[in-house]
Every structure is written in structure tokens, then in C-alpha cells.
Number of protein chains: 2
Amino acid sequence: MSQCTQRACMPKILDGKALANEVRKRVKENIKSTQAKVPDYKPRLAVVQVGTREDSSVYLRMKQRAAKETGIGFTLEQLPESISEQELLNRVRELNEDSKVHGMIVQMPLPPHINETTVIEAIDYHKDVDGFHALNVGKMAKRSTTPLFLPCTPKGIIELLKANKISLSGKNAVVVGRSDIVGFPVAALLSAEDATVTICHSKTENIKSVINKADVLVVAIGQPEFIKGEWIKPGAVVIDVGINSVTDTSKASGKRLVGDVEYETASKVAGAITPVPGGVGPMTVAMLMENTMISANRALEHRNECQTVCEERLQPLFSFNLFSKKFLISTSKEVHKK
Amino acid sequence: MSQCTQRACMPKILDGKALANEVRKRVKENIKSTQAKVPDYKPRLAVVQVGTREDSSVYLRMKQRAAKETGIGFTLEQLPESISEQELLNRVRELNEDSKVHGMIVQMPLPPHINETTVIEAIDYHKDVDGFHALNVGKMAKRSTTPLFLPCTPKGIIELLKANKISLSGKNAVVVGRSDIVGFPVAALLSAEDATVTICHSKTENIKSVINKADVLVVAIGQPEFIKGEWIKPGAVVIDVGINSVTDTSKASGKRLVGDVEYETASKVAGAITPVPGGVGPMTVAMLMENTMISANRALEHRNECQTVCEERLQPLFSFNLFSKKFLISTSKEVHKK
């Protein structure tokens, strides 16, 4: 963490865009290297979009681009806004069963007639690369267990902090927002990194004084420029998860993106800060690619384990190897599911 | 919360023993009332003990007494210390399948050759009345989902606070200890009650100043009398989860039980405080009984739902009711599992 305590100092910019680029390169190289040994290895991400919300489409295009860049197969399922919950669940279950798909996400938000929780919990937790399934959340929250996937934004935040050599042990970390997607899981991960974590929210009294104690501040509330620079402890590390579109008549588009933190004032106080855009956002997408690769690697490991076991069991019966790689691909669902 | 800010004031004693007594009475009456309508309704708790640790046996006897008092069937399975993990898992799975059992706990700690996590995760989460299964933990942690069972100690703490009309919304709650069993889940529940929650642990720097900000302090670290009265904010609510046996030559037994908080000094500062013993401990046992009853009620509801569906489907075929209660008992496992 920067030791700067003067308002006039320039903060370190936590460049999520550059780090995400590195992560994607690493994922791409790992995939290539595995493919050199296992030609049929092909990580694949299936994304389900219900309706045509423009904000969802923007995010999906980012994911699609990142998948292409890293060599991950990308299946986009665009379903009509009018689809029933049951029809959507059926499609999710088909993708659960599809052994060629290693990661699945259903783009949120869903139309009001569909229960988002029901859909998230219907995704096989072995393919839950968003890390939103209750079983993965529970295994993340418990210190004695390890989830199959960490949720992408919190994982990206921790990776961004570590890459910038920001120590967390014993530090006061304040998380503003207690959402299932960011606030709560990032609090759990910061605690696992030995930070002393405080979770704030809309009911927190005297939030300014709580924020002012934070060595590390993570804000994820979706309220444009809510946190002001004067609230922040000089030298603090500020992670701004918000991406809000606000009116700006000086722009050709008539709008611009801002975070949940007032960057102009915060950057004069913070020791390090994420820009918006270009901070946490790109890390989220990069982590999704990494999680998909992890899932494909896990499926491959299980396939190999099964091959070994089956060969051993069959050796007394057959003198030839029944389990060619081709055969095993078609059964990789079972292997993947252990 | 008491408004007392003078060290000389007497704190309110948060009498867990008395409240647990009320809870057990309520559970007993509810069970009786359901049995009046459904004679074969009989909630049952199965407890598995591996080895003969004396401390475990003490806790088990408390649970057994509470079960007897509330009218809950109690099956104690005492297995030898030498049992293999696989044999224990097999027994857990048999109890999962036993439709007469509604709640199951495996008494911790287990011998070192058995992986505790593997055993906990093997318990059917429909019968996980301890609330330790990752799926229940995840559903508790997520604001958008509801677990089948809340873990007993955290649930008992919230109930004790509510029964004493201690408001939590907007209050600073500090949890010392981040265990899977108490620290983490109680932090999640306090946040769900709109408290601003800080989680401290062994790596927290300047813990005294963090504790001094707490309106509500929950301590669960298993360190006798670690927290001193002078650290506590005057008027704070103090929940002491620790139960530690220390040497006391003035006692006939040569020892006495103390909490993680130094009661003598803390009770001079706190606005309200739990005694040890007689605070959180009895609440934990009472919540276990309540969870077992909840599980039995859920099984009964599912059985009734199934009966209705089955009757409707069969009506065109049969003019008599095939699904007598007796028949349904023998299939209640499937019903229970939805």
C-alpha cells in the first residue's frame, strides 16, 4: 500500500485492463499447451441470454471477445423474453448434460416472471463458472472447504490487489454493499486473506466514519459517485466496483461511465485506486475465462482418472484398450460429474 | 439495548437458560399439537458419536435430555474410535435413507484419521439440523436464498437478542472469531438483521480499539477470559460463546467453566451480557430441537403434498383411497426428499 498521506500525491492506478490482458494471455497459453498434448481438449462457455437488454448485450459481447481471444469455445443462446421459467430451466438442464460445455452462465437480470434464484440453483455446480450456486458460495464461505469456482468479480479484486503487492493481513477492509454477487463474497475472501473486514450497507449509521477507518475500501452499491474523497483515509486502497452511466452533455454520446466513488476527489486522497472503466470490470471477464479453463481442466483430469481406473479393471478381461480417447469424450459428462 | 454508560451499573443478564426452557416448551407443545392431528408424527434426531471423548459425551447428554423433554425421538449411535472414514460414511448414508430420522448430527471433533468436512458434506442437507452443510451455509450467506436450517448457535444468539428486544439495525456489531460454526454464520445473520458487522480474528491489528466500537460484541474464540472489561464500550451488549474449563482449586472438582470474556470486569461495563454457563450454550441445544421439529414438519408437509397429488392423479382409476397414512409413512423418505 502506498505510504502517501498527502492529498496532493498521485495515487497508484490499479490497472485492471492491463492485468486482465495478462490473465487472458496466460489462459490462452495454458489452453494451447494442453491442446498440444490433448488435441480434443476444448474449453467451452455457454451463455444464455433471455430477451435483448442492451446493457446485457454489451457485457455479453465483452465475454464473447475474451473467449475468442483465449481460445475458449463460446455458445450464445438467445432466448425470447416471453420464455417460461420451465422452458428456461429445461434448457439449463440440457446444457448441464452437454459434456462439451464446461462453463455455463445465465445473464442477469431475467424478466420478472422468472425466478433468478431458481435458475442459478438449477445450473450444475460443476459448471457454475460465475460461482453463484449456493453450494459454491457455501464452500467459499466455510474456511474448511474449497469451492469449485470463486465468483469472478471478488476473485478479480483479490487478484488485482495481489498483483499490485497490496498486503491484506491485519488491514482494515471495509466493504460497502452486501450483494450476493460482490459485497458478501469479497468480504469472505478479504477475511480469508486475514483482513479485518467490516460490511456496510444502506442501514449503516455514520458510514463516513466507518469508511474513514478503511485501509482497503471496496465499494459495490451501484450509486454513481456516492463515496466522496473527503470520506476516505489518506493513502487507502480504493476498489470501485460500480459502473454507472450518467448524463454528460459534453460527450457526443450524451453520457459517460462513472463508478460508485467520486474519482476526481478520491484520487487526490487514495494511495491506490481503480479507474472506471478499466479497473474491476475487465478483471471480472478475465476471471470468467480462467474459471471456464479450470472447469475444462477438471473435466479432463476426471476423464484421465476414469480411464486409468477403467483400464485397470478391464485388463484381466480385454487385451486391447477399449477406452480410446474418442470413446471417452462421449462419456466425459459422467467423468466430469464424478 | 441498555442506555447505561456508567461502569457501576448492573448489566442486564441475557438468560439463555430461561429462554431455552421457553423454546423447549414451545417445541414440545407444537409437537403434541401436531401429534393430536397426525398420530404417527414423531420427530427423530440421530446422533453419531465416534469414540468416547468425555467432553462430547457431556454435550450429547444435554441433547438427549432436551430431546426427551420435548418429545423428540433420540437415536444415539456410538461407533468405535477405530472406525474407518468409509464405514462412518456408510452409516451416515444409511441414516440419510432412514425416513424415520428427520435430523442427523455427527458429534465433532472426529478422530484425526477421519476428514470432518467429508462427513459433514455427506449428511443429506434435508437432515442437516446443525446447519453445517455447504448448501445450507451458502443459502444462509446469500440474501436471495433461504437455508433449510440455520446453524444452532448463531440462530440461538439472534433469538436471545430478539427476545431481549435488543435492536440490531444500524448498530455496530463486532464478531471475534471467524469459525465455520459460529463466527462466520453469526456475522452473516447479524448483517441480515441490518447491523454493520466487523469480523475480527487472530490477525486483527489493534483488536481492543475495534472491540471498543462495538454496540454488540459476539466472542467465539475458545480462549478463557481473553476479552477484558476495559476493552468494552460502556453499555454494549456482550454475547460470550466460549465455554472453557479452567483450574480452580477453590472448587471441589478443581475446575470451573469460564467464557472468552472476563465476566467479572465485563459485567461492570456492559449494558447486557450472557453468563457462562447458562447463556448461549442452552440456546444452542434448544435450537437443535427446534430444527429437528422443523425438519419433521417439512417431511410431513411434503407427505401431505404428495398425498394430494397422488389422490388427484388416481381418482379416475380408483374409487378408494390407496394412500392410507400407514402406506405413506413407509414412503416418507421420497416425500421428504421431494
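**Notebook: annotated span, domains and sheets**

I began with the record: an unreviewed UniProt entry carries the annotation "domain: Tetrahydrofolate dehydrogenase/cyclohydrolase catalytic" for residues 14-130 of chain A. I note that the model examined here is predicted. For residues 14-130 of chain A, I looked up the end C-alpha atoms and found them 23 Å apart. Helix makes up 50% of that span and strand 15%.

I then turned to the domain division of chain A. Domain 1 runs over 40-126 and domain 2 over 151-280. I noted a separation of 28 Å between the centres of domain 1 of chain A and domain 2 of chain A, taken over C-alpha atoms.

Next I traced an open sheet. It has 12 strands with mixed pairing, in the order 1(A)-11(A)-8(A)-7(A)-5(A)-6(A)-6(B)-5(B)-7(B)-8(B)-11(B)-1(B). Strand 1 (12-13) of chain A and strand 1 (12-13) of chain B each have a single partner strand and stand at the edges, so one side of each lacks a neighbour in the sheet.

Within this order I looked at one pair in chain B. Strand 5 (residues 172-176) and strand 6 (residues 196-200) of chain B are joined in the parallel sense by 5 bridges. Opposite B:Asn172, I found B:Thr196 in strand 6 of chain B.

Lastly I examined strand 9 (residues 244-247) of chain A. Strand 9 pairs with strand 10 (residues 255-258) of chain A in the antiparallel sense, over 4 bridges. I recorded A:Asn244 and A:Val246 on the covered face of strand 9, with A:Ser245 and A:Thr247 on the uncovered one. The bridge partner of A:Ser245 in strand 10 of chain A is A:Leu257.

Technical notes. Residues are numbered from 1 along each chain as its sequence is written. Chains are lettered from A and ligands numbered from 1 in the order in which they are written. This is a predicted model: local features need pLDDT of at least 70, side-chain atom pairs count only at pLDDT 80 or more; totals for chains, interfaces and linings use all residues. Side-chain values use heavy atoms; hydrogens and water are left out. UniProt positions are given in the numbering used here, feature names are shortened, and annotations may be inferred rather than shown by experiment. Helices (H or I, at least four residues) and strands (E, at least two) are DSSP runs, numbered from the N terminus. Two strands pair if DSSP finds at least two bridges between them. Domain bounds come from an automatic or database domain assignment. Buried means under 20% relative accessible area, exposed over 50%, partly exposed in between (1.4 Å probe, protein chains only).
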